[in-house]
Structure formats: C-alpha cells, structure tokens
Amino acid sequence: MALRPYIVGNWKMNGTRAMLTEAGAIDRGAARHPGVQVGIAPPFTLVQAMAEAVEAIVVGGQDCHTQASGAYTGDVSAAMLADAGAGFVIVGHSERRAIHGEKDADVRAKAEAALAAGLGVIVCVGETEAQRDAGKAEAVVTAQIAGSLPQGEGAAAQLTVAYEPVWAIGTGRVPSAEDVSAMHRAIRAKLVALLGEAGSEVRILYGGSVNAGNAAELLGCDDVGGALVGGASLMADSLLSIVLAAAGPGDD
Ligand code: PEP
C-alpha cells in the first residue's frame, strides 16, 4: 500500500511565538490537501504551543536524547517531546552529525528512544561533496543506513528515511534527477535487505534545497516519498507550493 507523500519542514533554530501565525497558515493550507501528510519540526520551545494550535499537520522535534530522563543538562528526551504533543522526531540531521559529532550509533540509539516513546522517527543520511566526488556516495549512505536504523520488531512501521546530500543543504544546489533516483533506489534496496518486506513500505524523503521551483521534479524521482525542507518551510506560501507539488495536478 503506497503511503501518502510526506512533506516535513525543519525550522532549525528559527522561530519565536510570532511564527505560530505562519504555522497556522501552513495548517490551514495543508487541510486542503488531505492526500499529503505535512509535518513541521520547530525549535523545542515551540513544540507544545504549535501542537496545540494546529489540526491538520503533525508537529515534531529536531533531535532527542537517547535516555528518557536524567542528568543531561540542556537535552530533551523523546518522552518529553511526546508529552509536549510531538508526533515525530528528526534524528541524525547532518548538522547534528557535523556540529555535535553524532555517529551512526548515537543516531540509532536516539531513533530507538523515539520509537520507545511512541514517536515516528525520521532518520537522516547523506554524503558530503568530497564523498560524492570520490564516487563513494552510495557506499557512504547505505553504510549510514545500516548503522543508524533503529533495531527491533515493528521499527519499520514508524520509520522514515531522509536522504539529504550534505552539499545540497541550504546551498541552492540539488543533485540531478538521475542521481536522486539512483540514490533512492539504492536506499530502497538497502532497506529491503535489512528489514525484509517491511523495508519496501518505508518512506524515503529527499532533502536539500527543495523549493517551489524544483519540488515537482524532485518528488517525481524514483522512490521519493516526500521532502524534508529547511529554508523553504519557514514561509507558508513556499511550503504550501511544495505540498501542492506533492498533491499533484487537480489538487489546487
Ligand atoms: C534541511 O536542513 O534539512 C534542509 C533540507 O535544508 P534546506 O531545505 O534549507 O536545504
């Protein structure tokens, strides 16, 4: 059974309460496209207020700790996100991997914590430009998948994978449609190898400089089940253009 396309906005460290107005506009727009699942991951400080304010979209976190509680100053657990009204969490974003030194094992532990808390989880993977130039993109990404995916019975049902080439994030550069298709096919093959039949149902999002102008082409690539969107998710108009592209013709 094909799942609805999934369009997820990652607000990163952007947004104060004033941005709840934008979230409201996104929510009203998303309600007009029930064939598309829409999520927003605001900063932790907005999760609860946003979750209480919206109806059609799901609200998520951008990271979580591996433990449910404890002496981890500054961290937030998956259980706390769920308590605040979140429905999912992003783990392993390349900014977490690069800036906070998160390794595949950390990402896996966070993903398992998210599932234990009842959250959906989006596991991010992606190669650097140097890795792509060296012809290692597929090997790097499939190894990240093997190391980062949550283990355990039923994990696939709540799992989404986001392929985000590091060099495409926030740069305005995107891979060719052929390269996106080739990578998504490689990710699908790895998911099926690891998870069996359940691996064929896991959505694979593309992320990296998705915008209103390129969304239709990127979403039309092989095995692209949606998009993880950074900059273009901060404004309702631009995110809703991407939602419209996911909805397809006839769904204005
Ligand atoms: C991201 O950070 O996940 C992302 C895809 O950002 P952008 O869309 O701005 O490239």
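Which helix gives the most to the lining of the largest pocket? To answer this with care, it helps to begin with the whole protein, bearing in mind that the model is predicted.

The protein has ten helices and eight strands. Its radius of gyration is 17 Å, close to the 18 Å that the globule rule gives for 252 residues, so the protein is as compact as a globular protein of that length. Taken along the principal axes, the box that the C-alpha atoms fill is roughly 50 × 45 × 35 Å.

We can now turn to the open spaces. Rolling a probe the size of a water molecule over the atoms shows where empty space is left. The largest pocket found in this protein has a volume of about 440 Å³, and 18 residues line it, of which K12, M13, Q62, R96 and H100 lie nearest its centre. The helix asked about at the start is α4, which spans residues 94–99 and gives three residues to this lining, the most of any element. When the lining residues of the largest pocket are divided by class, seven are nonpolar, six are polar and five are charged.

The second largest pocket has a volume of about 260 Å³, and it is lined by 18 residues, with A157, Q158, L159, T160 and R203 lying nearest its centre. Here strands enter the picture, since β5 (120–125) and β6 (159–163) each supply at least two residues of the lining, and β5 gives the most, with three residues. By class, the lining of this second largest pocket has eleven nonpolar, five polar and two charged residues.

The model also holds a ligand, and the reader may now look at what surrounds it. There are 14 residues around the ligand, of which K12, E164, G170, S209 and G230 come nearest; K12 is also one of the residues that lie nearest the centre of the largest pocket. By class, the shell around the ligand has four nonpolar, eight polar and two charged residues.

Which atoms of the protein lie 2.7 Å from an oxygen atom of the ligand? In E164 it is a polar side-chain atom that lies at this distance, whereas in S209 it is a polar backbone atom. H93 also takes part, with a polar side-chain atom that lies 2.8 Å from an oxygen atom of the ligand. As for how much of the ligand is covered, on its own the ligand has 290 Å² of accessible area, and the protein covers 95% of this.

Note on methods. Residues are numbered from 1 along each chain as its sequence is written. This is a predicted model: local features need pLDDT of at least 70, side-chain atom pairs count only at pLDDT 80 or more; totals for chains, interfaces and linings use all residues. Side-chain values use heavy atoms; hydrogens and water are left out. A residue is near a molecule or strand if one of its heavy atoms lies within 4 Å of it. A polar contact is a pair of N or O atoms within 3.5 Å; within protein, one must be able to donate a hydrogen and the other to accept it, and residues adjacent in sequence count only if both atoms are side-chain atoms. Accessible areas come from the Shrake-Rupley method with a 1.4 Å probe; for residues, only the protein chains shown count as cover. Ala, Val, Leu, Ile, Met, Phe, Trp, Tyr, Cys and Pro count as nonpolar, Asp, Glu, Lys and Arg as charged, and the others, Gly among them, as polar. On a 1 Å grid over the protein atoms alone, a cavity is a set of points where a 1.4 Å probe fits but cannot get out, and a pocket is an open set with protein on both sides within 12 Å along at least five of seven lines; lining residues have an atom within 4 Å of a point. Grid points are joined across faces, edges and corners, and a volume is the space filled by probe spheres set on the points. Helices (H or I, at least four residues) and strands (E, at least two) are DSSP runs, numbered from the N terminus. The radius of gyration is taken over C-alpha atoms; the globule rule is 2.2 Å times the number of residues to the power 0.38.
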